Amino acid sequence: MVLKKIIVLFCMVVIFIMPSFTNAEEIDQAQLNKERMALYKKGETLTFIPWYYFAAIDTYERNVRSVRNDIPKRENGVLSIYIKPEDWSGLSNPVKKDTYAPTIHLFSGIGLDGNNDGKASLEDDEDILYTFIHRLNFYGPSRQYIRMMLWDYYQRAITVDIIDEYASLYQYYGKLNIEGNAFPLPIRSTHSYRSTWGAPRSFGGRRVHEGTDIFANYGTPVRSTCYGVIETKGWNRIGGWRIGIRDLSNNYHYYAHLGGFNKDLQRGQVVEPGTLIGYVGSTGYGPPGTSGKFPPHLHYGIYKDNGYSEWSFDPYPKLRLWERQDRSK
Ligand SMILES: [Zn+2]
């Protein structure tokens with residue numbers, strides 16, 4: 001009896017404390033975004049390159065950093081832009097974490113003192129931003145020139161595209177917290193799916209299944225699951241008519257075998273959770289227009305990027321979560 005009372009009491013305490021935890025987290029995130037925005041705006045003031053490009057670069061670097069083991073996680077500070085310590089101090093500098101600008105300069109290090117506090121510190125956000133800016137080749141503040149600048153710095157086409165897409169999202173919404181998801185099909189549609197990620201497939205050579213098949217009737221609307229930008233749209237031999245959408249959390253969402261597209265959507269366009277992108281079909285497994293080689297379904301996959309390559313992970317748990325969330329709306 002006493003034990004029961006204790007359990008009830010414990011549950012009540014948990015129920016009362018939990019919301020305040022999430023509140024504190026939200027406040028922390030809001031504060032973080034405020035500090036980040038101030039730095040992005042500072043970047044804009046120094047370079048005339050719009051703040052949303054600095055937001056996009058920093059988000060890209062944060063995403064890459066979170067999935068890479070060869071780049072240390074940042075302990076303090078709010079920016080994620082990574083500069084190697086040996087580049088900062090100079091390769092032959094005996095002081096590995098040198099903050100004294102004259103010796104850094106002497107050993108051909110790139111670290112600079114951005115806030116005039118007498119130190120050029122790799123731990124200081126303003127110094128990082130200032131040093132990063134000094135490594136860029138500026139051609140001008142137009143989009144095409146910014147893409148050239150990004151190409152010079154990253155030397156990778158997909159990275160330039162991703163940063164450009166992130167910039168579109170930040171520009172469109174004018175803020176940093178852009179979050180939310182939706183299930184890809186209308187919640188009241190008839191559909192079924194199970195976890196088949198990694199199952200063998202034979203068409204187009206031996207490969208494994210990189211996604212979840214959601215079976216539904218021809219013509220069922222297919223919707224974006226996230227805030228993102230249309231990165232690909234068109235035919236591919238295995239996926240048929242397909243669309244790829246990039247979100248800010250390092251996910252590339254892949255929708256395949258569509259019967260048709262939302263005609264209003266073009267590459268580069270911003271979408272949000274629930275935006276109609278096309279309709280369930282059975283296209284693929286052949287030249288453009290091939291259809292009906294398998295029952296109608298949406299193939300949905302998610303890929304992540306580490307700055308070198310992309311890999312697929314199982315979207316099934318997220319689909320179940322989004323379905324539950326949509327049902328409770
Ligand atoms: Zn599939």
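This report describes the domains of one protein chain and the packing of three of its helices. The structure is a predicted model.

**Domains**

The protein chain is divided into two parts, domain 1 spanning residues 31-173 and domain 2 spanning residues 191-327. Taken over C-alpha atoms, the centres of domain 1 and domain 2 are separated by 33 Å. Where the domains touch, 13 residues of domain 1 are in contact with twelve residues of domain 2. On the domain 1 side, the elements that give two or more residues are H2 and H7. Of these, H7 gives the most, with eight residues. The side of domain 1 that touches domain 2 comprises, by class, six nonpolar, four polar and three charged residues.

An unreviewed UniProt entry carries the annotation "domain: M23ase beta-sheet core" for residues 208-306. Over residues 208-306 the chain is 53% strand and 0% helix. The end C-alpha atoms of residues 208-306 are 21 Å apart.

**Helix packing**

Helix H7 (residues 157-173) packs with helix H2 (residues 51-66), and the axes of H7 and helix H6 (residues 143-154) also cross. The table sets out the two pairs.

| Helix pair | Angle | Axis separation |
|---|---|---|
| H2 and H7 | about 125° | 8 Å |
| H6 and H7 | roughly 135° | within 9 Å |

Angles over 115 and up to 145 degrees count as oblique. H2 and H7 are therefore oblique to each other, and H6 and H7 are likewise oblique to each other. H2 passes H7 in a right-handed crossing, and the crossing of H6 and H7 is right-handed as well.

The contact of H2 with H7 draws on residues from both helices. In H2, the participants are Tyr-52, Tyr-53, Ala-55, Ala-56, Ile-57, Thr-59 and Tyr-60. They meet Thr-159, Ile-162, Ile-163, Tyr-166, Ala-167, Tyr-170 and Gln-171 in H7. By class, the residues of this contact divide into eleven nonpolar, three polar and no charged.

On the H6 side of the other pair, Arg-147, Leu-150, Trp-151 and Tyr-154 take part. Their partners in H7 are Thr-159, Val-160, Ile-163 and Asp-164. The contact of H6 with H7 has five nonpolar, one polar and two charged residues.

Thr-159 and Ile-163 of H7 appear in both contacts, meeting residues of H2 and residues of H6. H7 thus has a place in each topic of this report: H7 packs with H2, crosses H6, and gives eight residues to the side of domain 1 that touches domain 2.

Technical notes: Residues numbered from 1 in each chain as written. Predicted model: local features only at pLDDT ≥ 70, side-chain atom pairs only at ≥ 80, totals over all residues. Axes fitted to C-alpha atoms, helices over the stretch in contact; angles between N-to-C directions. Helix = DSSP H or I, 4+ residues; strand = E, 2+ residues; numbered from the N terminus. Parallel < 35°, antiparallel > 145°, perpendicular 65-115°, else oblique. Left-handed = near helix turned anticlockwise from the far one by under 90°. Contact = placed C-beta atoms within 7 Å. Nonpolar A, V, L, I, M, F, W, Y, C, P; charged D, E, K, R; others polar. Domains from an automatic or database assignment. UniProt positions renumbered as here; feature names shortened; annotations may be inferred.
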